[in-house]
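Reader: I would like a close look at one part of this predicted model, namely the salt bridges and the places in the fold that they connect. Please set that part in its surroundings as you go.

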Amino acid sequence: MSTTTVTFTGNLTSDPELRFTPSGTPVAESRVLVNRRTKDRETNEYHDAEPTGHNCKVWGKKAENLAESLTSGARVVVHGHIETETWTDKETQAKRTRDVVIVDEIGPSLKYATAVVTNNPKTTQQEEYPG
């Protein structure tokens, strides 16, 4: 199976939204905004480029850890793969799609901040992305 793997650094645009599937699996969603700077070759000056937003989804214990650890504005490092979600709009019955990053790893960026790490108790069960 081929996947599009991505790694990027950006800022959470809101607190991660934690919810649970009907079977009880935790899932957290958040949006990460990546700000870029470009250099004007004529003036040799840097300018802010249009930011890029990524919808991110985190499953299992990682989702709970994310919701407990990071808040809106936090600079994060994200590693995962891209999937396209498809659904039917309830009002218009139109088919909708969006790309989402299924997060394998996420954590605070230490470029401008420090972090204190608290390990969870070890478990024998290994959690995987249910998709």
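Author: What follows begins with the overall fold, turns to the salt bridges, and then moves to the core, a pocket and two backbone details.

The model is a predicted one, and its protein has 1 helix and 8 strands, which run β-β-β-β-β-β-α-β-β from the N terminus on. Along its principal axes, the C-alpha trace spans about 55 × 45 × 30 Å. Of the 131 residues of the protein, 24% count as buried. Among contacts between residues at least 6 apart in sequence, 60% join residues at least 24 apart.

Turning to the charged pairs, the structure holds 7 salt bridges. One of them joins the side chains of R98 and E29, with an N to O distance of 2.7 Å. This pair links distant parts of the chain, since R98 belongs to strand β8 (residues 95-108) and E29 to strand β3 (residues 26-34), with their positions 69 residues apart in sequence. R98 has a relative accessibility of 24% and therefore counts as partly exposed, because that class lies between under 20%, which is buried, and over 50%, which is exposed. The pair is also part of a wider arrangement, in that R19, E29, K57, E85 and R98 are linked in a network of salt bridges. Side chains of opposite charge can pair when their charged atoms come close.

A second salt bridge brings together the side chains of D48 and R37, at 2.8 Å from N to O. D48 lies in strand β5 (residues 46-48) and R37 in strand β4 (residues 37-39), so this pair ties together parts that are 11 residues apart in sequence. Both D48 and R37 are exposed, whereas R98 counts as partly exposed.

A further salt bridge is formed by R96 with D89, and here the closest N and O atoms are 3.7 Å apart, which still meets the criterion because a salt bridge requires the nitrogen to be within 4 Å of the carboxyl oxygen. R96 has a relative accessibility of 35% and so counts as partly exposed.

The nonpolar interior comes next. The largest nonpolar core has 16 residues, of which F8, V32, C56, V78 and V101 touch the most other members. The elements that give two or more residues to this core are β1, β3, β6 (52-59), α1 (61-69), β7 and β8. In soluble globular proteins, nonpolar side chains tend to be buried together. The surroundings of V32 can be followed in detail: leaving aside neighbours within four places in sequence, V32 is in contact with F8, G10, N11, L12, T52, G53, H54, C56, V76 and V78.

One of these partners, G53, is found in strand β6 and is partly exposed, with a relative accessible area of 28%. Once neighbours within four places in sequence are set aside, G53 is in contact with R31, V32 and L33. The C-alpha atoms of G53 and N11 are separated by 9.4 Å, although these two residues are 42 residues apart along the chain.

N11 also appears in the lining of the second largest pocket, together with T9, G10, L33, V34, N35, R75, K111 and Y112. This pocket has a volume of about 150 Å³, and its lining comprises 3 nonpolar, 4 polar and 2 charged residues. β1 (4-12) and β3 each supply at least two residues of that lining, and the largest share, 3 residues, comes from β1. G10 and N11, named here in the lining, are also among the contacts of V32, while L33 is both a lining residue and a contact of G53.

Two backbone details complete the picture. N44 has a positive phi of about 65 degrees although it is not a glycine. N44 is found in the loop between β4 and β5, the strands that hold R37 and D48, and N44 is exposed, with a relative accessible area of 52%. Q93, another residue other than glycine, likewise has a positive phi, near 65 degrees. Q93 lies in the loop between β7 (75-88) and β8, and Q93 is exposed, with a relative accessible area of 55%.

Technical notes:
Residues are numbered from 1 along each chain as its sequence is written. This is a predicted model: local features need pLDDT of at least 70, side-chain atom pairs count only at pLDDT 80 or more; totals for chains, interfaces and linings use all residues. Side-chain values use heavy atoms; hydrogens and water are left out. Helices (H or I, at least four residues) and strands (E, at least two) are DSSP runs, numbered from the N terminus. Buried means under 20% relative accessible area, exposed over 50%, partly exposed in between (1.4 Å probe, protein chains only). On a 1 Å grid over the protein atoms alone, a cavity is a set of points where a 1.4 Å probe fits but cannot get out, and a pocket is an open set with protein on both sides within 12 Å along at least five of seven lines; lining residues have an atom within 4 Å of a point. Grid points are joined across faces, edges and corners, and a volume is the space filled by probe spheres set on the points. Ala, Val, Leu, Ile, Met, Phe, Trp, Tyr, Cys and Pro count as nonpolar, Asp, Glu, Lys and Arg as charged, and the others, Gly among them, as polar. A nonpolar core is a set of buried Ala, Val, Leu, Ile, Met, Phe, Trp, Tyr and Cys residues joined through side-chain atoms within 4.5 Å. Contact means heavy atoms within 4.5 Å.
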